[in-house]
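Pull up the model and let's take a walk through it. We'll start with charges, then turn to the backbone and a few contacts across the chain.

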Amino acid sequence: MDLSRKIEILAESAKYDVSCSSSGVADNQRTGSVGSTAKAGICHSFTSDGRCVSLLKLLFTNACIFDCHYCINRKSNAIPRATFTPQEVADLTMDFYMRNYIEGLFLSSAIIKNVDYTSELLIKTLKILRHEKGFKGYIHVKAIPGADERLIEELGFLADRMSVNVELPSRESLKLLAPDKDPFALYKPMKQITHKKKELSLVPALKRASSFVPAGQSTQMIIGASPESDHSIVKIAENLYQKYDLKRVYYSAYIPVNQDSLLPAVTTDPPLLREHRLYQADWLLRFYRFSADEILSPEKPNFNLYLDPKANWAVQNYEQFPIDVQTASYERLLRIPGIGPKSAQNILKARKYYKLHLSDLKKLGVVVKRAQYFISCNGAVQAGLIQEPEWIITSLISSKQYDTLKKVNTQSRHEQLSLFDVERFEATKHKEMRYVN
Ligand code: SF4
């Protein structure tokens, strides 16, 4: 099989991994024009300092010996199969790098022969790149759960970032949908990477510390292939951040690719809005000092599809508002919809020098049209504003947004409204409700 056919097959198989986002779209321009692209995969990832880097995204092989129900590459699927050699991956990476197309490599793999053998192939690839070709660019590689600890460690000294995919949010779902995987082996490499990093960091003399998975580890969860609630998913993410110091948890709306009685029908739309809400909640965990149990609870286990999780929390806890921007702590400011870490810092700095008015807040980066319902400035609230949860909800949702969401909701299996009276909104949505005349 020639190399371009292998790339085509394996880039296609890699696109369901969202640990970095693929930008591979085919674009066949007419002869004589420029800009034609093949859909084989360059993707983007973000470094810890916020830089966006382009990565060559490859699956080493899709010839998997496992049969995970949700996966396009499962052994029972009749799809074209291909496997690179370590030399081919290294050569490809260098070719792309030398032409300035990419800054690094994102390398994942299905399981060929067994987990140790697969890990050895990945190690061999990275060794050629690092030691023979002197490649110093960014490498993100998958750790294969169940592989020997020695192999995980070796891989960790060659890569910048490693990811161990949780895949499904509970052991029960894993047993059912990924019968070849050992749910107990899944978290072992994460634990090992965390411990190794810590151990090396405790000995300053060990300069190697900085070269062991320096960009940390991440994971991915598939959303909507199994029945777990949003609350359970956010709880797992919180636990992973706290226990294993993960850099990112990625959420992937399940795209039905296989006809399977245990899974949503192939005609089901991927739960993209749910995925979006999970990323918003994830942001609240990482940067807004929220806990999972504040965002959702066993009593209200699923997201409000009409409101983002922060606004939803604010209207559910309306007795805690208004918060005065002149006196509130940083933590309290972060609770206000429309105020983020940067604008909260700006408020703290500005109020040392003058008394804040509503008109000052926009300049400080506050999204005033959201924040206005939840704040006071030196004890004063916006004149004429109705500060009642139901009015606020209808004001925060535009009619256009409402219509789109309603459409998504009627198609979705996840009807997740709380504190929102749809009929009442229908009756009033065209009226101007923000202010009392
Ligand atoms: S191990 Fe499971 S999820 Fe991974 S490639 Fe094989 S079948 Fe797919």
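Begin with a small charged cluster: Lys127, Arg150 and Glu154 are joined in a network of salt bridges. Keep in mind that you're looking at a predicted model. The idea behind such pairs is simple: side chains of opposite charge can pair when their charged atoms come close. Searching the whole structure turns up 17 salt bridges, and a few of them deserve a visit.

Take Lys133 and Asp91, whose side chains meet in a salt bridge with an N to O distance of 2.9 Å. This pair links distant parts of the chain, since Lys133 sits in the loop between helix 3 (115-132) and strand 5 (138-142), while Asp91 belongs to helix 2 (residues 86-98), 42 residues apart. Are these two buried or exposed? Neither label fits: Lys133 has a relative accessible area of 31%, so it is partly exposed, and Asp91 is partly exposed too, because its relative accessibility is 30%.

Next, go to Arg289, which forms a salt bridge with Glu331; the closest N and O atoms there are 2.4 Å apart. Arg289 lies in the loop between helix 8 (272-287) and helix 9 (292-295), and Glu331 is in helix 11 (residues 330-334), so the pair ties together parts that are 42 residues apart in sequence. Glu331 is partly exposed, with a relative accessible area of 39%.

Stay in helix 11 for a moment, as Arg332 is there as well. Arg332 counts as partly exposed because its relative accessibility is 29%. Which residue can you pair it with across 44 residues of sequence? Tyr288 is the one, with a C-alpha to C-alpha distance of 9.8 Å from Arg332.

This stretch also carries an annotation. An unreviewed UniProt entry lists residues 331-350 as "domain: Helix-hairpin-helix DNA-binding motif class". In the model, the chain over residues 331-350 is 70% helix and 0% strand, and its end C-alpha atoms are 17 Å apart.

One more salt bridge, this time between Asp360 and Lys363, where the closest N and O atoms are 3.9 Å apart. Do the partners sit buried or exposed? One of each: Asp360 is buried, because its relative accessible area is 12% and the cut-off for buried is under 20%. Lys363, on the other hand, is exposed, with a relative accessible area of 70%.

Charges don't have to be paired, of course, so here is a patch. Arg171, Lys175, Lys191 and Lys243 form a positive surface patch. Of these, Arg171 is placed in helix 5 (residues 171-177). Arg171 counts as partly exposed because its relative accessibility is 39%.

Now for the backbone. Most residues other than glycine have a negative phi, and most peptide bonds are trans. Which residues go against that for phi? Lys113 is one of them, with phi near 65 degrees, and Glu167 also has a positive phi near 65 degrees. Lys113 is found in the loop between strand 4 (104-108) and helix 3, whereas Glu167 lies in the loop between strand 6 (161-163) and helix 5. Their surroundings read as opposites: Lys113 counts as exposed at 57% relative accessibility, but Glu167 is buried at 13%.

For the peptide bond, look at the step from Phe321 to Pro322, which is cis, with omega near 0 degrees. Pro322 is in the loop between helix 10 (309-316) and strand 9 (323-324).

Let's finish with two phenylalanines in loops. Phe66 is found in the loop between strand 3 (52-59) and helix 2, and at 17% relative accessibility Phe66 counts as buried. Phe66 and Ile111 are 45 residues apart in sequence, yet 6.9 Å apart in space, C-alpha to C-alpha.

Phe184 lies in the loop between helix 5 and helix 6 (188-201). Is Phe184 buried or exposed? It's exposed, because its relative accessible area is 54% and the cut-off for exposed is over 50%. How far is Phe184 from Gly146, 38 residues away along the chain? Their C-alpha atoms are separated by 9.2 Å.

Key: Residues numbered from 1 in each chain as written. Predicted model: local features only at pLDDT ≥ 70, side-chain atom pairs only at ≥ 80, totals over all residues. Heavy atoms only, no water. Patch = residues over 30% accessible without salt bridge, like charges linked within 9 Å, V, L, I, M, F, W, Y side chains within 5 Å. Areas by Shrake-Rupley, 256 points an atom, 1.4 Å probe, with all protein chains shown as cover. Salt bridge = Lys/Arg side-chain N within 4 Å of Asp/Glu carboxyl O. Lys, Arg positive; Asp, Glu negative; His and termini not counted. Charge placed at Lys NZ, Arg CZ, Asp CG, Glu CD. Helix = DSSP H or I, 4+ residues; strand = E, 2+ residues; numbered from the N terminus. Buried < 20%, exposed > 50% of the residue type's maximum accessible area, 1.4 Å probe, protein only. UniProt positions renumbered as here; feature names shortened; annotations may be inferred.
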